[in-house]
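Student: Please take a close look at one sheet in this model, strand by strand, and then place it beside the rest of the fold.

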Amino acid sequence: MKLISLNIEGDKHLDDKILPFFDKEKPDVLCLQEVFAKDIQKICQRTGLEKYSFVSQAKVTKDNPHLPTNGLWGLCIFAKNLAKTRKHYYTGNANQIPEFFAYQDPNSMNRCLLTVQTEIEGDIYQLGTTHFTWSGEGKINALQKENFVKLKAALSNYPEIIFCGDLNTPRGEAIYDQLAKIYKDNIPQKIKTTIDKKIHKSKKDIQLVVDALFTSPAYAAKKVKVVAGVSDHMAIVAEINKK
């Protein structure tokens with residue numbers, strides 16, 4: 001199974017960078033963060049991954065300096081077939097979709113672990129993705145600590161899982177490193193950042209690995225690479241097999 005995990009930053013880079021990248025890589029599964037609902041069908045049609053599971057974390061309908069006002073926005077997993085979708089909220093709930101960046105608060109959104117199963121060549125793969133709670137400067141704050149307890153509880157429902165996404169907390173700090181004790185961290189140690197300074201709005205050379213690809217013992221990841229030039233975060237690309 002070929003997997004891509006990527007924070008696509010809404011539709012800022014979709015047509016000129018991200019969709020051509022998907023054309024080249026031809027993934028079996030996409031685990032995407034910061035997806036506008038309006039773009040889901042375009043991604044399905046372009047990639048041939050016709051099944052998807054979407055969870056809206058927020059609605060972007062008020063002018064802000066970060067994203068266009070394109071409505072519902074969140075996590076989405078794409079594949080040719082999907083089963084057993086679950087949405088584990090650790091902030092907010094499905095019945096109340098908040099306005100994003102209200103009062104300039106990066107955490108003014110729901111947070112969720114989105115999980116699915118997909119079957120590829122007779123093997124069942126359990127997948128999960130998230131866009132974790134934000135904290136500035138790569139530090140861990142109290143809200144991250146609180147939400148990590150809830151995220152771990154949600155992950156504990158899955159004895160075997162491929163877990164990826166934008167963690168908003170870096171390798172080398174407690175939250176990422178706790179996950180690395182539970183699962184295998186598949187981001188090569190030579191990789192020092194997953195933030196693309198040429199695209200990221202700060203234009204700073206941020207040396208933080210905040211995007212993750214973890215696997216439980218049932219899965220083996222190989223040919224893992226981190227690809228720049230597609231979004232403000234770099235894409236994680238890997239081939240994953242059942243052991």
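Tutor: Strands S9 and S10 (residues 211-215) run antiparallel and are joined by 2 bridges. One residue pair can be named here: Lys184 has Thr215 in S10 as its bridge partner. The model is a predicted one, and the pairing is read from its coordinates. Strands of a sheet pair through backbone hydrogen bonds, in either a parallel or an antiparallel sense.

The sheet that holds this pair is open and has 6 strands, in the order S5-S6-S7-S8-S10-S9, with mixed pairing. Strand S5 (83-91) and strand S9 (184-185) are at its edges; each has a single partner strand, so one side of each is left without a neighbour in the sheet.

Two helices can be placed against these strands. Helix H4 (residues 174-182) lies across S8, S9 and S10, and its direction is at about 20° to S10. Helix H3 (residues 142-155) lies across S5, strand S6 (111-120) and strand S8 (162-166), running at about 160° to S5. Strand S8 is thus listed under both helices, H4 and H3.

Now the rest of the fold. Another open sheet of 6 strands follows the order S3-S4-S2-S1-S12-S11, also with mixed pairing. Its edge strands are S3 (51-60) and S11 (219-227), each of which pairs on one side only. On average, neighbouring strands of this sheet are turned by 15° against each other, direction ignored. Within it, strand S2 (residues 29-36) pairs with strand S4 (residues 71-79) in the antiparallel sense, over 5 bridges. In that pairing Leu30 stands opposite Phe78 in S4.

This sheet has helices against it as well. Helix H1 (residues 14-25) packs on the sheet and touches strand S1 (2-7), S2, S11 and strand S12 (235-242); the direction of H1 makes about 165° with that of S1. Helix H2 (residues 40-47) lies across S2, S3 and S4 and runs at about 155° to S2. Strand S2 therefore appears in the contacts of both H1 and H2, where contact means heavy atoms within 4.5 Å.

Last, the open space. The largest pocket has a volume of about 750 Å³. Its lining is made up of 32 residues, and Trp134, Asn168, His200, Lys201 and His233 lie nearest its centre. Sorted by class, the lining of the largest pocket has 11 nonpolar, 12 polar and 9 charged residues.

Definitions and conventions
Residues numbered from 1 in each chain as written. Predicted model: local features only at pLDDT ≥ 70, side-chain atom pairs only at ≥ 80, totals over all residues. Heavy atoms only, no water. Pairing = 2+ DSSP bridges. Helix = DSSP H or I, 4+ residues; strand = E, 2+ residues; numbered from the N terminus. Axes fitted to C-alpha atoms, helices over the stretch in contact; angles between N-to-C directions. 1 Å grid on protein atoms, 1.4 Å probe; cavity = no way out; pocket = protein on both sides within 12 Å on 5 of 7 lines; lining within 4 Å. Points joined across faces, edges and corners; volume = space filled by probe spheres on them. Nonpolar A, V, L, I, M, F, W, Y, C, P; charged D, E, K, R; others polar.
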